[in-house]
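Here is a short briefing to read alongside the sequence and the model. Have a look at the fold, then use the points below as a guide.

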Amino acid sequence: MCNLWQNIYFSLMENHPLLETIKTTLQKNKVEKLAAIASEDTFSVKDLIDLSFYHDEQIGFRAAWILENVCSSHQDRFLPHSLYFLEKFPLQRNFSALRHFVKILAFMTKKNASPEIKEIIHDYDTDHLVEVVFSWLIDEKVPVAIKSHCLNILANLNTKHEWIKDELMETMDFLVDKESIAFFAKVKQIRKQLAGSREPRIK
């Protein structure tokens, strides 16, 4: 049923003006311009989230890249669709798009996120998100760039789920000799963050 819905939806999206725009390679300045004009009158954040699951992975990647820019630079437009993003987050399988998805969630869970975002994360049932992020962290097929943001997400959510700290420490100890030097450097940063995480950050 889910695949049928997706097929119907994407057949409708074939005529979406954004789809034609992102069929070709995008430069960073073009991505920023598209993020700046994202609105219900042009294309919505929901459109970007949906297109990030497009069967053409390059189109999915470009949609996710624009989505990340909307989140970081035009948060007022992202906020109304943040719950939809959290619902779709665990379903992302396109690694190129997933890299932007995990960056967005790392942004949403960080210490200095906006009060509006903090409230959304506080009220949302993040148990499943944590479970999925842990699974990506230990998956050998998942690129290290994605795993790096997974570390950020889990360390940030430790303030909501106290059990994460011990589990994450054990997981990092297991992975540190299996991953790259860059991963090792991120692990050092995350260990420092966890060591200093005494006061709740998500209120």
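**A loop residue to start from**

His55 sits in the loop that joins α4 (45-51) to α5 (57-73). This residue counts as exposed because its relative accessibility is 59%, above the 50% cut-off. Between the C-alpha atoms of His55 and Asn94 the distance is 9.3 Å, although 39 residues separate the two in sequence. Please keep in mind throughout that this is a predicted model.

**Overall fold**

- The protein chain contains 13 helices and 0 strands.
- Its pattern along the sequence is therefore an unbroken run of helices, α-α-α-α-α-α-α-α-α-α-α-α-α.
- Of the 203 residues in the protein chain, 51% are buried.
- Among contacts with a separation of 6 or more, 72% are between residues 24 or more positions apart.

**The nonpolar core**

- In soluble globular proteins, nonpolar side chains tend to be buried together.
- Here, the largest nonpolar core takes in 65 residues, and Phe85, Phe89 and Leu168 have the most contacts inside it.
- Leaving out residues up to four places away in sequence, Phe89 touches Phe101, Val102, Leu105, Leu129, Val133, Trp136 and Ile153.

**Helix α3 against α5**

- Two packed helices are described by the angle between their axes and the distance between the axes.
- Helix α3 (residues 28-37) crosses α5 at roughly 60 degrees, and the axes come within 8 Å.
- That angle makes α3 and α5 oblique to each other, and the crossing is right-handed.
- On the α3 side the contact uses Lys28, Val31, Glu32, Leu34 and Ala35, while α5 supplies Trp65, Ile66, Asn69 and Val70.
- Sorted by class, this contact of α3 with α5 has 6 nonpolar, 1 polar and 2 charged residues.

**Helix α11 against α12**

- Helix α11 (residues 144-157) packs on helix α12 (residues 164-175) at an angle of about 155 degrees, with the axes 9 Å apart.
- Because an angle over 145 degrees counts as roughly antiparallel, α11 and α12 are roughly antiparallel to each other.
- Their crossing is left-handed.
- Leu151, Leu154, Ala155 and Leu157 of α11 meet Ile164, Leu168 and Met172 of α12.
- By class, the contact of α11 with α12 has 7 nonpolar residues, with no polar and no charged ones.

**Helix α12 against α13**

- α12 also packs with helix α13 (residues 181-195), here at an angle of about 160 degrees and with axes 11 Å apart.
- α12 and α13 are therefore roughly antiparallel to each other, and α12 passes α13 in a left-handed crossing.
- From α12, the contact is made by Lys165, Leu168, Met169, Met172, Asp173 and Leu175; from α13, by Phe183, Val187, Ile190, Arg191, Leu194 and Ala195.
- The contact of α12 with α13 has 9 nonpolar, no polar and 3 charged residues.
- Leu168 is worth a second look: it is listed in the contact of α11 with α12, in the contact of α12 with α13, and with Phe85 and Phe89 for the most contacts inside the largest nonpolar core.

**A lysine in α11**

- Is Lys147, a residue of helix α11, buried or exposed?
- Lys147 counts as buried, because its relative accessibility is 1%, under the 20% cut-off.
- Setting aside neighbours within four places in sequence, Lys147 is in contact with Trp136, Leu137, Ile138, Asp139, Glu140, Val142, Glu179 and Phe183.
- Two of these partners recur above: Trp136 also touches Phe89, and Phe183 belongs to the α13 side of the contact with α12.

Terms used: Residues numbered from 1 in each chain as written. Predicted model: local features only at pLDDT ≥ 70, side-chain atom pairs only at ≥ 80, totals over all residues. Heavy atoms only, no water. Core = buried A, V, L, I, M, F, W, Y, C linked by side-chain atoms within 4.5 Å. Buried < 20%, exposed > 50% of the residue type's maximum accessible area, 1.4 Å probe, protein only. Contact = heavy atoms within 4.5 Å. Axes fitted to C-alpha atoms, helices over the stretch in contact; angles between N-to-C directions. Helix = DSSP H or I, 4+ residues; strand = E, 2+ residues; numbered from the N terminus. Parallel < 35°, antiparallel > 145°, perpendicular 65-115°, else oblique. Left-handed = near helix turned anticlockwise from the far one by under 90°. Nonpolar A, V, L, I, M, F, W, Y, C, P; charged D, E, K, R; others polar.
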